Amino acid sequence: MEWSFLFFLNSVFLGVGLAMDAFSVSLANGMSASSMKVPTMCKISGVYSLFQFAMPMIGWVCVHTIVTLFGVFEKFIPWIALILLLFIGGKMLIESIFSKGEEKKDTKLSLGALIVQGVATSIDALSVGFTIASYGTLMALVASLIIGIVTFGICYAGLIIGKKIGTKFSHAAGILGGVILICIGIEIFVKGVFFS
């Protein structure tokens, strides 16, 4: 691949495709915290975009160094994503169900939970390292950077939309958010195990 308009367009489309899981999680986070402020929204979007930037680069490095080890690890990616998202989504779902009748309080998202979400939604992006394996170091870095920037914008939009939905549907928003996370985990698992 050479530097061209097509290279940049492919990188943007790759970013959009990879950001869909993070967008859904951002939507869920926005629904569970309708009074979230801009700095928090930037932090959440930033963490997701950082992981979406890093994972393709890690995959690219693996292709150029430890291909056999990465090949063994790749089988576990769907399982890891499923376990992480079932845990986070299940926790959100249980908290929302048992808080029925209580006044809804915004869910605080800890840094640890945010990092777990970031890993869970971006771990499948490791395999993008294989698709950009023919790129030189600078091209791989630029492609990953574009993926990260696109992810930031999409996640920020997801948080805004989620906040609006969360304000309107209050109690149901936490339940819906938990269900969304569980569904994403199942979708990543099914795609990774049965259709790869």
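Accessible areas come from the Shrake-Rupley method with a 1.4 Å probe. The model discussed here is predicted.

Q: How much area does the protein chain expose, and what percentage of it do carbon and sulfur atoms supply?
A: The accessible area of the protein chain is about 10,000 Å². The share of this area that carbon and sulfur atoms supply is 75%.

Q: How many helices and how many strands does the protein chain have?
A: From the N terminus on, the elements run α-α-α-α-α-α-α-α. The count for the protein chain is therefore 8 helices and 0 strands.

Q: What percentage of the residues of the protein chain count as buried?
A: A residue is buried when its relative accessible area is under 20%. Among the 196 residues of the protein chain, the share that counts as buried is 44%.

Q: Among contacts between residues at least 6 apart in sequence, what percentage join residues at least 24 apart?
A: One pair that is distant in sequence is V16 and T151, which are 135 residues apart. Across the protein chain, among contacts between residues at least 6 apart, the share that joins residues at least 24 apart is 93%.

Q: Which helix gives the largest share of the largest nonpolar core?
A: The largest nonpolar core has 36 residues, and Y48 and Y135 are those with the most contacts inside it. Helices 1, 2, 4, 5, 7 and 8 each supply at least two residues of this core. The largest share, 8 residues, comes from helix 2.

Q: Which cysteine is in contact with Y48, and is that cysteine buried or exposed?
A: Neighbours within four places in sequence are left aside here. The contacts of Y48 then include A22, V25, L114, T151 and C155. Because the relative accessibility of C155 is 0%, under the 20% limit, this cysteine counts as buried.

Q: How many disulfides are counted?
A: A disulfide requires two cysteine sulfur atoms within 2.5 Å. By this rule the count of disulfides is 0.

Q: How is C183 classed by its relative accessible area?
A: The relative accessible area of C183 is 44%. This value lies between the limits of 20% and 50%, so C183 is classed as partly exposed.

Q: Where does P56 lie, and how far in space is it from A143, C-alpha to C-alpha?
A: P56 has its place in helix 2 and is buried, with a relative accessible area of 0%. Not counting residues up to four places away in sequence, P56 touches F51, A125, V128, G129, I132, S144 and I147. P56 and A143 are 87 residues apart in sequence, while their C-alpha distance is 8.7 Å.

Q: Which residues does V16 contact, leaving aside neighbours within four places in sequence?
A: V16 belongs to helix 1 and is partly exposed, with a relative accessible area of 32%. The C-alpha atoms of V16 and T151 are 6.9 Å apart in space. With neighbours within four places left aside, the contacts of V16 are V150 and I154.

Q: Which elements give two or more residues to the nonpolar patch on the surface?
A: The patch is formed by F76, W79, I83, V193, F194 and F195, with about 700 Å² of accessible area together. The elements that give two or more residues to this patch are helix 4 and helix 8.

Q: How does W79 count by its relative accessibility?
A: W79 is one of the residues of the nonpolar patch and lies in helix 4. At 43% relative accessibility, a value between 20% and 50%, W79 counts as partly exposed.

Notes. Residues are numbered from 1 along each chain as its sequence is written. This is a predicted model: local features need pLDDT of at least 70, side-chain atom pairs count only at pLDDT 80 or more; totals for chains, interfaces and linings use all residues. Side-chain values use heavy atoms; hydrogens and water are left out. A nonpolar core is a set of buried Ala, Val, Leu, Ile, Met, Phe, Trp, Tyr and Cys residues joined through side-chain atoms within 4.5 Å. Buried means under 20% relative accessible area, exposed over 50%, partly exposed in between (1.4 Å probe, protein chains only). Helices (H or I, at least four residues) and strands (E, at least two) are DSSP runs, numbered from the N terminus. Contact means heavy atoms within 4.5 Å. Patches are made of residues with over 30% relative accessible area and no salt bridge: like charges are joined within 9 Å, nonpolar side chains (Val, Leu, Ile, Met, Phe, Trp, Tyr) within 5 Å. A salt bridge is a side-chain nitrogen of Lys or Arg within 4 Å of a carboxyl oxygen of Asp or Glu.
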